[in-house]
Amino acid sequence: MFTLKTSIKEIKEVDVDIPRHKFEFVDYNKIHERVNKHVQLSDIIANVIGVGPIEQPCIKGSNVLMRNINVMTIEGHEIKLTLWGSIANEVEESFFTENPGPFIIIATCLTVKTFKGEYNLSSTSGTRVYIDLDIPETAEFKDQLVENNQPIVQMPKQFKPQVSIEEEMNINRRTITEIKEVMCDSDNKETIFTCEGKIINIDIDRHGWYFISCEVCRRKVNSKDEFLWCDNCNKKACFPIPRYRIQLKVKDSSGMATFILFDSEAEKLLNISAKDLLNKSLEEPDEVILPVQIENLKGKQFVFQIQLNNYNLNYGWEFFTIKKLFDSFEETDKAIQLDKMTEVYISDSSNECSNNLSIEEDGDCTTFQKLDVQTNVQLTPTSVLKENKRAYLGTTTKQQRKKIQKKL
């Protein structure tokens, strides 16, 4: 783009050496600075040591092409590179078996993530992949590998085959009492269980049925002076978003427990977002303690797939996070899932739940008290509901509030 300050200079030389390719290879020791920061994408040059098959995991309801590649950096660190979409087909397994190595891969415009404590590079829409590109950096890399060339390892699939709804509903089927006993079993390795039970009550005395979250990181925000503040982002939350957190009292033939239904599954079940339901409640002439959509869950029978987290396994908390929810029909002994199953890559659903658990308790584990399962919870106005409502209504003028509602 030419501007008034653009200068043009004629080149007298006949041959001008302008490189066809230009990369900014990230040093492995600086990768940690770019974790989950997408402002600056990363280029990498590495030796291919393992190639995985093409997979099609279900991401947010859609099947997406994916291939994992294990590479070794010039510093000698192993790291996984995940290619998404059509670019996954640009790297063929047969190429590595039919040609002699080593194979130097260059991948551009990558994001850096962490999974189970290890770095993971992931492709973006701008990613390009080159194998044995004819540039000086490739030649220098190969010179170091002449004596240490290793055969390419066939990597296993990362995602398990999708199971049927019936199988999904019966994974590690237990009663509520049996699940509580599992928490005390030090030899137990399982974290996902299913059980069938009836919702007998909805507890809103302490937390209400929603929390106000940061629009960026989705974590709970707190009132600070006259505005809402996100401790995680360390900044003011300009457009806070209400999200579901519903505590259900569930009973089966063996006992009773508290199950927590978070935003994504609650929205599928109720077919309305927390922000829309809250806005409807605020429009009612009388104060709404519990919207009828949530109230109507009482007495309903479901199959709950729950996931034990560190709070359950390490501290014995009997508050269980709902991973998925299935509608149960006893008369036919069949069941259907309420909404399409989704799998989220490198994002365990317990992350959202455990994050919200710790954040909603302000990081103080000792304030999280057990419920008395022998008593019925009375649905009465609470300080939490009022505080949430004040946070949403009291931080701005009426005109600004309308603007926020529009954003929501």
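Is D276 buried, exposed or partly exposed? At 35% relative accessibility, D276 counts as partly exposed. The model is predicted, and every value below is computed from it.

**Salt bridges**

Side chains of opposite charge can pair when their charged atoms come close. A search of the whole structure finds ten salt bridges. Three are set out here, among them the pair made by D276.

| Salt bridge | Closest N to O |
|---|---|
| D263 and R243 | 3.8 Å |
| E265 and K268 | 3.1 Å |
| D276 and K275 | 3.8 Å |

Take the pair of D263 and R243, whose side chains meet in a salt bridge. D263 lies in helix α5 (residues 263-270) and R243 in strand β15 (residues 241-251), so the pair ties together parts that are 20 residues apart in sequence. D263 has 7% relative accessibility and therefore counts as buried. R243 has 10% relative accessibility and also counts as buried.

Helix α5 holds another pair. E265 and K268 both lie in this helix, three residues apart, which is about one turn of the helix. Their side chains meet at 3.1 Å, N to O. E265 is buried, at 11% relative accessibility. K268 is partly exposed, with a relative accessible area of 26%.

D276 bonds with K275 through a salt bridge, the closest N and O atoms being 3.8 Å apart. K275 counts as partly exposed, at 22% relative accessibility. D276 counts as partly exposed too, at 35%.

**A buried acid without a salt bridge**

Which side chain of opposite charge is nearest to D203? K249 is, at 6.5 Å. A salt bridge needs a nitrogen of Lys or Arg within 4 Å of a carboxyl oxygen. D203 is buried yet has no salt bridge. The residue sits in strand β10 (residues 192-203). The D203 side chain does reach a backbone atom: the nitrogen of D205, at 3.1 Å.

**A nonpolar surface patch**

Where do nonpolar side chains show on the surface? I11, V16 and I18 form a nonpolar patch there. Together these residues have about 310 Å² of accessible area. I18 lies in the segment before β1 (42-51). At 66% relative accessibility, I18 counts as exposed, because the cut-off for exposed is over 50%.

Note on methods. Residues numbered from 1 in each chain as written. Predicted model: local features only at pLDDT ≥ 70, side-chain atom pairs only at ≥ 80, totals over all residues. Heavy atoms only, no water. Patch = residues over 30% accessible without salt bridge, like charges linked within 9 Å, V, L, I, M, F, W, Y side chains within 5 Å. Areas by Shrake-Rupley, 256 points an atom, 1.4 Å probe, with all protein chains shown as cover. Helix = DSSP H or I, 4+ residues; strand = E, 2+ residues; numbered from the N terminus. Buried < 20%, exposed > 50% of the residue type's maximum accessible area, 1.4 Å probe, protein only. Lys, Arg positive; Asp, Glu negative; His and termini not counted. Polar contact = N/O pair within 3.5 Å; in protein donor to acceptor, adjacent residues only side chain to side chain.
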